[in-house]
Amino acid sequence: MKWCGIFLLLALFMIYMEPVQSQCSICTKTAQQMGEKPARGLNAGIIYLAAAPLLIVGYIGYRWFRNNHNP
């Protein structure tokens, strides 16, 4: 039941999350020169590339937590 609450909170957070700019200063300057649609694609690509390492670290952290905190 505890996990359902955490999942619901996470889902609500993701639904109401504001769009973020995920660019360094060089990427921001390049995106401004490209226009709006390619800039959105660049942001999506940066977030897509960042998702894999974050998921891997999250999975390792979950496994560590589960193995070290069994009741």
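1. A good place to start is R40, which counts as exposed because its relative accessibility is 55% (exposed is over 50% relative accessible area, buried under 20%, partly exposed in between, with a 1.4 Å probe and protein chains only). E36 counts as exposed too, at 59%.

2. Before going on, please note that this is a predicted model, where local features need pLDDT of at least 70, side-chain atom pairs count only at pLDDT 80 or more, and totals for chains, interfaces and linings use all residues. Residues are numbered from 1 along each chain as its sequence is written, and side-chain values use heavy atoms, leaving out hydrogens and water.

3. E36 and R40 join their side chains in a salt bridge, 2.8 Å from N to O (a side-chain nitrogen of Lys or Arg within 4 Å of a carboxyl oxygen of Asp or Glu). The two are four residues apart in helix α3, so about one helical turn separates them. The count of salt bridges comes to one.

4. Now look at helix α2 (residues 25-34) and helix α3 (residues 36-68): their axes come within 6 Å and cross at roughly 145 degrees. Helices here are DSSP runs of H or I, at least four residues; axes are lines fitted to C-alpha atoms over the stretch in contact, with angles from 0 to 180 degrees between N-to-C directions.

5. Which residues make the contact? C27, A31 and M34 of α2 meet P38, A39 and L42 of α3, with contact meaning heavy atoms within 4.5 Å.

6. α2 itself is hardly covered, with one buried residue among its ten. After α2 comes G35, with a positive phi near 115 degrees.
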